[in-house]
Amino acid sequence: MATYSRLPGSVALITLQNPPVNALSAAVRQGIVDTVQRALKDPKVTSVVICGQNGRFCGGADIREFAGPMLGPPLVPMIHAIEAVDKPVVAAIEGVALGGGLELALGCHYRIAHSKALLGLPEVTLGLLPAAGGTQRLPRLIGLTAALDLITTGRHISAAEALKLGILDQVTDSNAVDLAVDFVRSVAGQPLDSRRLSTLACPCPPDVDSLLDKVMAQVRQRSRGALAPVACVQALRAAATLPYTQGMEKERDLMATLFNSGQARALQYAFFSQRVVGKWSLPSGANWNNSTGRTISKAAVIGLGTMGRGIVVALALTGMSVVAVETQEKQLAEASQAVPAMLQREAGRRSLATPPGVITFSSNLQDVSEVELVIEAVFENMALKLQVFRHLASVCGPGTLLCSNTSGLDMDQLAAVTKSPALVVGMHFFAPAHVMKLLEVVCGPRSSPEAVATAMQLGKRMGKVSVAVGNCPGFVGNRMLKPYLEQANFLLEEGATPQQVDEALEEFGFPMGVFRMSDLSGLDVGWRIRKEAGLTGPGVEPSRTRQGRRYSPLPDQVCEAGRLGQKTGRGWYQYDGPGGRVARSDPWVHIFLEAYRAQHGLVARSIAPEEILERCLYALINEGFNILQEAMAAGPEHIDAIYVFGYGWPRHRGGPMFHAGQVGLGRVLERLEHHHHNHPDVPHLEPSTLLRRLVAGGSPPVQKWREFINKDRVHSQL
Ligand SMILES: CC/C=C\CC(=O)SCCNC(=O)CCNC(=O)[C@H](O)C(C)(C)COP(=O)(O)OP(=O)(O)OC[C@H]1O[C@@H](n2cnc3c(N)ncnc32)[C@H](O)[C@@H]1OP(=O)(O)O
């Protein structure tokens, strides 16, 4: 709703009220329509200020309402009516003015903001465009070039930047509403024509067409199949080339197409998934709301390889002091050069309000005795990690939280060698750890609510999307990746090339196909994990089966040939040299694949992109269903957030579990059955019981899956 009050000096104050972000729900829109009418009719009112309750102007349209029928007054005529009012209307912006919130402010005659306010038109991130006149008013206010940037990226900007661009008329460090009230009194009675943005011409550079073509090409390349950024450019072309009314028609038509697209639904689902995962819970009933984490001010990181360095930077960026330990002198010397530079770069990029914490480098594990939390980030080797944990248990106090950055090892085994297993949790970062948004917080069976809450809070402080997951091999992300990678290798055995597999996946929307990705991270990484699992290495027979299941030794053989990927200049592709970035097809790989197939009596066949996608993606999704069944993830949103934020799953496809729902669960089941029939020695293709149960239950939408997940789970940890 919106409240109305009359202040001394003939000012009407309209306050939007819809906590927590004063989203423009039907009730709020109705409230605005009613209160604006009241101000208009009240002869004692000469001017109007619109603000939001609790220091937040408006977070935009109420996204939850998008799923249902449109009720209440529409935004477009409501904003037109405000713009047409003949008494000055000022938007007093505190907190946020986003999406429809900023569009509402653009319909006002003046905009005044607090210096800490954030403004933006983030609709593109929800698969939409600013269709309450935003694509037509903003470019008329700040020019086409700046509007293209803001609308196609959806980025939030500071009040200072908004002032510079001309979106704001004034910025204040004190109360924005008070300033707006004073200001509107001072302009009462002045002509408003030039303040009505819809009546202005759109300032454009001389060569509009070439600018729009250039931006369109950039957007298409960046968006990897997403529709909304393209529609934003089309709407801005209309703003630059058509009269306002026709521009608005174009905006409306484009919005209608986007609104009904699966992509908008997927992106809105992704928005809410990101928020759902913050609300973790454990089977004990402990959850985000009833558990208190510790506030960490001093932490340590053990191991300063690539991951450890990134973690040190991520921690220091929160302002805490960090002890960075590396026992190998050469690695320590390199890290103590590299880490401060990384920290400086990242702090500069983020323009931080808090100065970074102090980092102390040491080769002595004893130096972590005073810290409150330790993150072990040594090599992915259980014996080594156990050794470090035993050592930590003797060095640290019994109240120190001990975390491991393992990517899939048993957290409970590590907890067992410490004095306080309840204070042990996994913190699985993704490389580069100071940049990547995802953090898997691994809750072992003995992890206390306090330990989980501390790790989740710390993740949030580091700006991560933290997802609580159960303790199973590979946790959630890597466990699902395994069948995906496995299928990619099988496809090579059967006749595909690395390029064909990568192109199908990149066409789907992944930034990189599996083989390009493997070359980037290094083939030795997976090889070492497989060696640890006894699947490869000296003494292991190079056959195509392991424990009665199909196995492809292809990646082991490529790695053992010294082809480690980009770092050696050769992997699944060839590069210009060690460290090269541009992947080119390598005749060596094709000859190698032919020889491999001949050696194993395999006849190459032509494989369509559809089969590549089905086999890789459905195998991954199927494992997601198994994970849900075992309660290693609390819900499909958790798996989807992990894949969107950590594994490059295209956001406009929502995440693997959401995608399964969009494809149709029946179809996924049928194709898995088909592929399992053709490959009975691949257990990962055998459809999950949960998937079968969901299909038998009428394929409910993803939000209803929880009702079908077996309550008597064997391993329930979440
Ligand atoms: C004709 C079409 C015209 C216009 C289209 C639009 O306006 S689309 C909407 C555009 N607006 C946005 O995209 C803003 C989305 N919100 C945010 O970016 C952040 O929520 C915000 C406002 C920066 C606040 O961040 P903060 O970290 O403080 O809170 P959090 O994100 O956890 O949100 C708190 C709860 O509010 C819910 N919420 C936020 N925005 C909206 C919204 N626009 N509609 C509905 N609900 C919203 C969010 O889900 C959280 O809910 P909870 O139940 O507590 O998890």
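Let's start with Pro20, which sits in the loop between strand E2 and helix H1, residues 26-41. What is the peptide bond from Pro19 to Pro20, cis or trans? It is cis, with omega near 5°. Keep in mind, please, that this is a predicted model.

Now step back along the chain, to the strands just before that loop. Strand E1 covers residues 2-7 and strand E2 covers residues 11-16; they run antiparallel, and 6 bridges join them. If you'd like one pair to find on the screen, take Ser5, whose bridge partner in E2 is Leu13. The two strands, E1 and E2, form a hairpin, with 3 residues between them. Look at Gly9 in that turn: its phi is positive, about 90°.

There is another positive phi to show you, this time away from glycine. Gln547 has a phi of about 45°, although Gln547 is not a glycine. Where does Gln547 lie? You'll find Gln547 in the loop between strand E18, residues 545-546, and strand E19, residues 549-550.

Let me zoom out for a moment. The protein is divided into four pieces: domain 1 is 2-259, domain 2 is 288-470, domain 3 is 496-599 and domain 4 is 609-717. How far apart are the centres of domain 1 and domain 3? Taken over C-alpha atoms, 51 Å separate them.

Next, a sheet. This one is open, has 8 strands and shows mixed pairing. Reading across, the order is E12-E11-E10-E13-E14-E15-E16-E17. Which strands are at the edges? They are E12, residues 359-362, and E17, residues 465-470, and each of these pairs on one side only. From one strand to the next, the twist averages 25°.

Let's pick out a pair inside that order. Strand E14, residues 401-404, and strand E15, residues 424-429, run parallel and are joined by 3 bridges. Ser404 is a good landmark here, since you can follow Ser404 across to its bridge partner in E15, Gly426. Carry on past E15 and you reach Pro432, in the loop between E15 and strand E16, residues 438-443. Here we meet a cis bond again: the peptide bond from Ala431 to Pro432 is cis, with omega near -10°.

Last stop, the ligand. There are 23 residues around the ligand, and those that come nearest are Arg56, Ala61, Gly100, Arg275 and Lys279. What kinds of residue make up this shell? The shell divides into 12 nonpolar, 4 polar and 7 charged residues. Helix H3, residues 100-107, and helix H11, residues 262-276, each supply at least two residues of the shell. H11 gives the largest share, with 3 residues.

Now turn to the side chains that reach oxygen atoms of the ligand. An N or O atom in the side chain of Arg56 is 2.5 Å from a ligand oxygen. For Arg275, a polar side-chain atom lies 2.7 Å from an oxygen atom of the ligand. Lys279 also has a polar side-chain atom facing us here, 2.8 Å from an oxygen atom of the ligand. How much of the ligand does the protein bury? Taken alone, the ligand exposes 1,000 Å², and the protein buries 75% of that.

That's my tour, so please go ahead and find these spots on the structure yourselves.

Methods. Residues are numbered from 1 along each chain as its sequence is written. This is a predicted model: local features need pLDDT of at least 70, side-chain atom pairs count only at pLDDT 80 or more; totals for chains, interfaces and linings use all residues. Side-chain values use heavy atoms; hydrogens and water are left out. A residue is near a molecule or strand if one of its heavy atoms lies within 4 Å of it. A polar contact is a pair of N or O atoms within 3.5 Å; within protein, one must be able to donate a hydrogen and the other to accept it, and residues adjacent in sequence count only if both atoms are side-chain atoms. Accessible areas come from the Shrake-Rupley method with a 1.4 Å probe; for residues, only the protein chains shown count as cover. Helices (H or I, at least four residues) and strands (E, at least two) are DSSP runs, numbered from the N terminus. Ala, Val, Leu, Ile, Met, Phe, Trp, Tyr, Cys and Pro count as nonpolar, Asp, Glu, Lys and Arg as charged, and the others, Gly among them, as polar. Domain bounds come from an automatic or database domain assignment. Two strands pair if DSSP finds at least two bridges between them. Axes are lines fitted to C-alpha atoms, for helices over the stretch in contact, and angles run from 0 to 180 degrees between N-to-C directions.
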